[in-house]
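Visitor: Please show me the model, and let me ask how each term is earned.

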Amino acid sequence: MQRLTNKRIILGITGGIAAYKSAELVRLYKKAGADVRVVMTAAAMEFITPLTLQALSGNMVHSSLLDPEAEAGMGHIELARWADILVVAPATADFIARLHSGMANDLLTTLCLATNAPIYVAPAMNQAMWRAPQTQHNVAQLTQQIPKTTFWGPDAGEQACGDIGPGRMMEAQAIANLTANTFSKKLLCGKTVHITAGPTREALDPVRYISNHSSGKMGYAIASAAQEAGAKVKLISGPVNLPCPDKVSRVMVESAEQMLEAVLSELDQCDIFIGCAAVADFKPSSIATNKIKKGADHTMSLLLVKNPDIIARVAQQPNKPFTVGFAAETQNLLEHARAKLSSKNLDLIAANDVGNSEIGFNSDANALTLISAHQQLDLAQTSKTRLAQQLIEHIAHLMP
Ligand code: PMT
């Protein structure tokens, strides 16, 4: 949401019951540091008062195209040029039809025609109106033919009229997040990033395995952050309970050997490799064909053999990608991290203190120290989502 600081947003509100959510949206935009100008249609003012939106936005609400006083302040062309982005939430079927036909019969539709800023439309209407062929036609044509127009939603669910189906306006927080994403700096545009995440499982027999507590949260957050930064992202994931991040291609694996195979395939297309997976260093020397039975002995010995070092193999390639490792340590964090940076031939390593239960394995927060040949940067404790964005920004700055 920091990406909204000083951004100039026109929020268009049309006449639907979901207009009450727009007040919350203005509050979220303002909290994120944006400058918000609200433009209301006449019907919108039947649902929510301009005074409420004026108080929340800190700016006079615009509603009339033919108001000489308003035009003497910031006229409609000036307002259209002022905006970095125009969001219409809620957008009624009537507004969408007028937008599609290029009408300019009120201030909001006029601004949509006059602005060069991207327009985001969050529809809100009865499910039958949304499903109506005319509405669907208008939405499809706008999406295909007017590149500056994008639709957000609608959500499906229970509606104010009692119907159930698609047509609910997205929640204000979701719209605010999407708005922030439109301003994300595309630091990795044109780059391909491969990321390993989660644990590996090393089978002992058909029902047992050796593994660790990695949840995949850190690696998946990095995959999302890289995707948001404009990269094409491949996520090679051990077994975790997380959905695949949006617009990321995912390969699921179990063992370190399978992870290595997935990593090496298509490595020639990879610009940046990030090894966040907690790969088992050892695996059983053999996998029993049948379930190992309890014997009379009180002890049992396992013979383990070393797994391949995946990230070291990546960094050995002749045209190696920019290679970023993690060092999960419980003692002498920076010393061990530096040793891994050098022994594995990495470009950057993220030292992660996994002895602290509030960060590291399976937590929502983390803290890292990023170490490269000549630089060291502490990233203070924060959510894995934010930390992943900071890591991606740092990588983008270090990239040759
Ligand atoms: O998944 P979460 O619950 O969110 O937790 C995140 C995390 C703690 C797992 C993550 O932040 C982290 O620290 N990942 C690295 C875990 C690890 O295995 O560290 P390591 O110090 O043992 O390994 C060093 C580097 O070599 C790592 O980049 C690792 O992916 C890589 N490696 C290790 C062994 C091996 N056989 N192959 C490897 O590629």
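Guide: The chain's secondary structure comes to 15 helices and 19 strands, where helices (H or I, at least four residues) and strands (E, at least two) are DSSP runs numbered from the N terminus. This is a predicted model, in which local features need pLDDT of at least 70 and side-chain atom pairs count only at pLDDT 80 or more, while totals for chains, interfaces and linings use all residues. Residues are numbered from 1 along each chain as its sequence is written, and side-chain values use heavy atoms, with hydrogens and water left out.

Visitor: Why is N366 called buried?

Guide: Buried means under 20% relative accessible area, exposed over 50% and partly exposed in between, with a 1.4 Å probe and protein chains only. N366 has a relative accessible area of 1%, and is therefore buried. This residue is found in strand β18 (residues 365-372).

Visitor: What makes K247 exposed and E266 partly exposed?

Guide: K247 has a relative accessible area of 67%, so it counts as exposed, whereas E266 is at 40% and therefore counts as partly exposed. K247 is placed in the loop between β11 (232-237) and β12 (249-252), and E266 in the loop between α12 (256-264) and β13 (272-275).

Visitor: What is the phi of K247, and what is the phi of E266?

Guide: Phi is near 60 degrees for K247 and near 70 degrees for E266, in each case a positive value in a residue other than glycine. Most residues other than glycine have a negative phi.

Visitor: How do you know that the side chain of S214 makes a polar contact with the ligand?

Guide: A polar contact is a pair of N or O atoms within 3.5 Å; within protein, one must be able to donate a hydrogen and the other to accept it, and residues adjacent in sequence count only if both atoms are side-chain atoms. An N or O atom in the side chain of S214 is 2.6 Å from an oxygen atom of the ligand, so the pair qualifies by that definition. For the side chain of K340 the corresponding distance is 2.5 Å. Taken alone the ligand exposes 780 Å², of which the protein buries 96%, with accessible areas from the Shrake-Rupley method and a 1.4 Å probe; for residues, only the protein chains shown count as cover.

Visitor: How do the residues of the shell around the ligand divide?

Guide: They divide into 13 nonpolar, 9 polar and 6 charged, where Ala, Val, Leu, Ile, Met, Phe, Trp, Tyr, Cys and Pro count as nonpolar, Asp, Glu, Lys and Arg as charged, and the others, Gly among them, as polar.
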